[in-house]
Amino acid sequence: MDKQAFYRKRKFWYWTGGIVGAIIILLGIAALVLSAKWKPTLTTKIKDGVKEASKGLYHVDFKDIHLNLLTGTAVLDSISLIPDTNVFNQLRANKEAPTHLFKIKLAHLKISRVGVLTAYFKKKVALKAIILDKPSIDMIYHKVSKRRDAAKKEQTLYELISKSLKSISIGQIKVQDADFDYYNGKQKLNAVKHLSINVKDVLIDSLSQFDTTRVFHSKNIGFELLGYQSVTKDKMYTLKLDTIRGSVTGKDLEIRGFKMVPMHPKLAFSRKYSAQKDRYDLSFQKISLAGIDYVGLNNNGELYVKEVNLGPAKVDVFMNRELPPPNIDKARNFPHVALRRLPISTVVERLKIAKVDVAYGEYNPKTKEIGTIKLSGLNGTVSNLTNDSARLSSQNHAYADLTTYVMGVAQMNVKIDFNLTAKNAAFQYKGTVKGFDLKALNAISKPLGQIAIESGKVTSAYFDVSTNSSGSKGVVNFFYTDLKIKMLGEDEDGKEKKKGLLSFLANTILIKDDNIPGEKARKVTVIHERVPQASFFNLMWKTVFKGMREAVGIGIVPMKKMPEPKKK
């Protein structure tokens with residue numbers, strides 16, 4: 001190639017590059033000019049759009065908007081979405097108010113691939129993504145009445161925006177690392193950090209408004225919370241969990257690695273209080289919920305869950321009996337009574353429990369030992385857990401069917417019928433126990449009752465009891481063979497010793513060696529009066545235990561009464 005041709009070619013590329021560069025510069029300048037010109041227009045459009053779409057309930061504010069027409073991105077600085085309480089109160093008075101209000105604040109909101117010209121000329125908004133980075137979100141629940149006027153049709157979101165826009169499509173909305181606080185009115189119920197939400201394929205147009213495969217106009221809404229940890233308000237427990245994952249569209253929720261860890265050892269924990277207080281040590285590997293009506297929860301403040309699966313898990317409860325009982329009626333904490341106090345209307349069709357190990361321990365100040373009853377491998381179902389007034393009018397009973405191994409050896413099945421509307425907290429329970437060696441109960445009888453079982457085998461047991469907050473009445477059948485015990489005390493050095501004479505008298509005079517099924521079998525009718533300080537499980541156990549005492553022949557020996565409660 002000669003020099004003249006070479007220079008001509010190089011000159012061509014110089015011209016071409018110069019023209020392209022000039023075009024880029026002109027486009028950049030045009031973009032800057034248009035951005036500056038459109039900034040007030042977009043600002044007005046955004047603010048008016050939020051106000052119009054929410055019927056004046058919300059207003060949005062931001063410090064600045066950065067628009068790049070070349071890349072199709074927009075960034076809003078210092079944004080806040082705030083509800084207008086006056087408008088909310090008017091909607092509430094007209095029975096048109098939403099159940100939940102939101103307050104959102106964040107430093108930056110990024111919108112990518114905005115079709116500004118399409119939005120302006122064709123009235124179609126198409127976005128690739130909206131990203132909210134580290135927002136602060138308050139969700140406030142209000143109990144509101146809804147208008148029952150079926151003739152009045154509520155406008156869809158599309159109908160609200162249709163005057164100014166034909167459609168809105170968003171590929172993805174991401175909420176990253178949010179601080180989320182949930183309120184019931186002015187009372188904060190819960191606070192979580194590091195919450196992430198991912199909303200996919202949002203479409204609002206004339207057709208999608210009737211698309212039943214979409215939830216809140218999207219194909220899927222997923223959320224995730226990782227590594228949550230907090231301390232309870234009383235500073236006595238640490239709450240931990242590994243992950244929470246859920247999908248609004250899939251109507252599911254899964255919690256893994258939930259723990260409630262006491263801040264102090266058992267005795268040290270109890271001595272922080274002036275009266276008896278249960279100490280809980282909880283560890284749940286997995287809790288999953290299916291069939292959750294998220295839409296109903298958002299719109300009406302009503303929680304509906306088709307099924308909850310609980311377990312594997314470990315539950316450890318401890319009570320220190322050296323302290324006086326609290327001066328309260330623990331009937332308010334019976335499961336079906338506590339259900340009534342939930343702040344929102346709730347329906348759980350079925351609760352399934354699998355592989356849950358329960359331990360309940362009591363400290364006896366006399367023996368200075370802890371006696372622990374263990375229920376291993378608790379499995380079963382509970383159906384119709386609800387406080388919903390409409391449902392209770394037709395289905396006012398919850399039913400539990402549970403199987404476990406007492407002290408790991410005695411298979412027990414218990415069925416409980418809860419009357420969910422009874423003012424006296426009534427419920428019924430019945431169950432069976434299969435054969436086991438009675439010496440397995442020494443872990444309880446020795447530290448708590450100073451009685452050791454030397455021999456004895458249960459062949460079977462049965463109980464059927466009607467109960468309420470005042471007490472219980474029922475039948476207990478306790479069949480056994482070869483029962484021998486020894487009474488225990490302490491020597492001068494505080495070491496355990498057998499009380500020979502008392503043991504002899506108990507075995508020869510009071511205790512009956514066996515109770516064999518048949519015509520001569522002792523079948524006990526039990527009447528037990530409950531004291532206000534007795535818990536749900538205390539009432540169930542004491543009634544059955546009283547029947548067992550009668551069956552073995554020591555019913556004439558008075559049961560130890562619960563100490564007087566601490567006076568207020």
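Is Glu254 buried, partly exposed or exposed? Select Glu254: at 25% relative accessibility, this residue counts as partly exposed (buried means under 20% relative accessible area, exposed over 50%, and partly exposed in between, with a 1.4 Å probe and protein chains only).

**Before continuing**

This is a predicted model, in which local features need pLDDT of at least 70 and side-chain atom pairs count only at pLDDT 80 or more, while totals for chains, interfaces and linings use all residues. Residues are numbered from 1 along each chain as its sequence is written, and side-chain values use heavy atoms, with hydrogens and water left out.

Colour the chain by pLDDT (the predictor's confidence in each residue, from 0 to 100). The chain averages 81, and 79% of the residues score at least 70. Next, select residues 6–35, where pLDDT stays under 50; for this segment the model has 10 contacts beyond four places in sequence (a contact means heavy atoms within 4.5 Å).

**The strands around β3**

Select strand β3, residues 73–83. Helices (H or I, at least four residues) and strands (E, at least two) are DSSP runs, numbered from the N terminus, and two strands pair if DSSP finds at least two bridges between them.

- Add β1 (residues 58–61), which runs antiparallel to β3 and is joined to it by four bridges. Here Asp61 has Ser80 of β3 as its bridge partner.
- Add β2 (residues 64–68), also antiparallel to β3, with five bridges. Asn68 stands opposite Thr73 in β3.
- Add β4 (residues 100–112), which pairs with β3 in the antiparallel sense over seven bridges. Ile79 stands opposite Leu106 in β4.

**Salt bridges**

The structure holds 15 salt bridges (a side-chain nitrogen of Lys or Arg within 4 Å of a carboxyl oxygen of Asp or Glu).

Return to Glu254 and show Lys286: their side chains meet in a salt bridge (3.8 Å, N to O). The pair links distant parts of the chain, with Glu254 in strand β11 (residues 252–262) and Lys286 in strand β12 (residues 279–290), 32 residues apart. Lys286, at 28% relative accessibility, counts as partly exposed. Add Arg256, which is linked with Glu254 and Lys286 in a network of salt bridges.

Now select Arg271 and Glu322, whose side chains meet in a salt bridge at 2.6 Å, N to O. Arg271 lies in the loop between α5 (266–270) and β12, and Glu322 in the loop between β14 (313–320) and α7 (335–338), so the pair ties together parts that are 51 residues apart in sequence.

Finish at Lys314 and Asp357, which form a salt bridge with their closest N and O atoms 3.3 Å apart. Lys314 is in strand β14 and Asp357 in strand β15 (residues 345–364), 43 residues apart. Lys314 counts as exposed at 52% relative accessibility, whereas Asp357 is partly exposed at 30%.
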